[in-house]
Amino acid sequence: MCGRYAATKNPATLAAEFDAIDGLGDDAPRPDHNVAPTKSVVSVVTRHPRDAEGMPEPEVTERGLRVMRWGLIPHWAKDKSIGARMINARADTAPGKPAFKSSLAKRRCLIPADGWYEWKRDGKAKQPYFMTRTDGRSLAFAGLWSTWHEPGADPDAAPLISCAVLTTDAVAKLTDIHDRMPLLLAQDDWARWLDPDLAATDDITALLSAPDLAAVDALELRPVSTKVNSVRNNGPELVERLAEETPLDAPSLFDEQSAS
């Protein structure tokens, strides 16, 4: 968890929902019902804007939408392929992990999602479920981000920006599906989480162990087609409720690493 999710809202809608500036333009990813590792995703960050000389303005902050690559690439990595193995970060261990420690202290984000997929074992098969809010609001995954420059590349070239989803122990009804879940943050906690001047203090540590229980209560755990098992499939049919009389298909083209 979490290896696949859906993100289909347009940037203008997300900007309004997260009280953020939409500056994505042509860089905005297309609506995606089957977001998989290494894809481009929309995130929400708060940063100090830079003045004409490129220096941060310490008295001003801006919350905006940003495109990132899903799968965090630490700044010290020699190769970007490491990101495919770092799509998630455990909230309980991230503070002590070299790959995530710096990002937790300085570069936190929110990753908006319509919902996420999880797989529940049913005998020899795995039944996918789509966890989504019944009221249509976005879920806010707690995330970390990093910048990476390819070794030997032009130092003035734009860095590759990547992110990871923080996960925690599943709670309430989600425990019937899987033992892990994304760390969902309540709207009242967004400003603290995104604050670029708030280091990894007790406030941040408290948020790591405080999933949004109201959001969990608002979730529908919807069985869906095993078509989602393949990243080649993408469309609204992936999030449609599976009819009770429909037999489970045998898993095919299922990426264990991505969906575990």
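**Strand pairing around β9 and β10**

Trp145 stands opposite Cys163 in β10. In this predicted model, the pairing of strand β9 (residues 139-148) with β10 comprises six bridges, and the two strands run antiparallel. A further bridge partner in β10 is Ile161, which is matched with Thr147.

Strand β10 spans residues 160-169, and eight of its 10 residues are buried, so the strand is largely enclosed by the rest of the structure. Residues are classed as buried when their relative accessible area is under 20%. Besides β9, several other strands pair with β10. Strand β4 (residues 62-70) runs parallel to β10 and is joined to it by two bridges; here Arg69 is found opposite Ser162 of β10. Strand β5 (residues 88-90) is likewise parallel to β10, with three bridges between them, and Ala89 is placed opposite Leu166 in β10. An antiparallel arrangement applies to β10 and strand β11 (residues 180-182), which are connected by three bridges. Within that pairing, Asp169 has Arg180 of β11 as its bridge partner.

Strand β9 is also largely enclosed by the rest of the structure, because nine of its 10 residues are buried. In addition to its pairing with β10, β9 is joined by six bridges to strand β6 (residues 108-113), and these strands run antiparallel. Leu110 has Ala142 in β9 as its bridge partner. Strand β9 thus pairs with β6 and with β10.

Outside these strands, two loop positions were examined with respect to accessibility. Pro98 is located in the loop between β5 and α2 (101-106). Its relative accessibility is 62%, and Pro98 therefore counts as exposed, the cut-off for this class being over 50%. The C-alpha atoms of Pro98 and Leu24 are 30 Å apart in space, and the two residues are separated by 74 residues in sequence.

Asp51 occupies the loop between β3 (40-47) and β4. With a relative accessibility of 32%, Asp51 counts as partly exposed, a class that lies between the limits for buried and exposed residues. Together with Glu53, Glu57 and Glu62, Asp51 forms a negative surface patch. Of the strands considered above, β4 begins at residue 62, and Glu62 is one of the members of this patch.

Key: Residues numbered from 1 in each chain as written. Predicted model: local features only at pLDDT ≥ 70, side-chain atom pairs only at ≥ 80, totals over all residues. Heavy atoms only, no water. Buried < 20%, exposed > 50% of the residue type's maximum accessible area, 1.4 Å probe, protein only. Helix = DSSP H or I, 4+ residues; strand = E, 2+ residues; numbered from the N terminus. Pairing = 2+ DSSP bridges. Patch = residues over 30% accessible without salt bridge, like charges linked within 9 Å, V, L, I, M, F, W, Y side chains within 5 Å. Areas by Shrake-Rupley, 256 points an atom, 1.4 Å probe, with all protein chains shown as cover. Salt bridge = Lys/Arg side-chain N within 4 Å of Asp/Glu carboxyl O. Lys, Arg positive; Asp, Glu negative; His and termini not counted. Charge placed at Lys NZ, Arg CZ, Asp CG, Glu CD.
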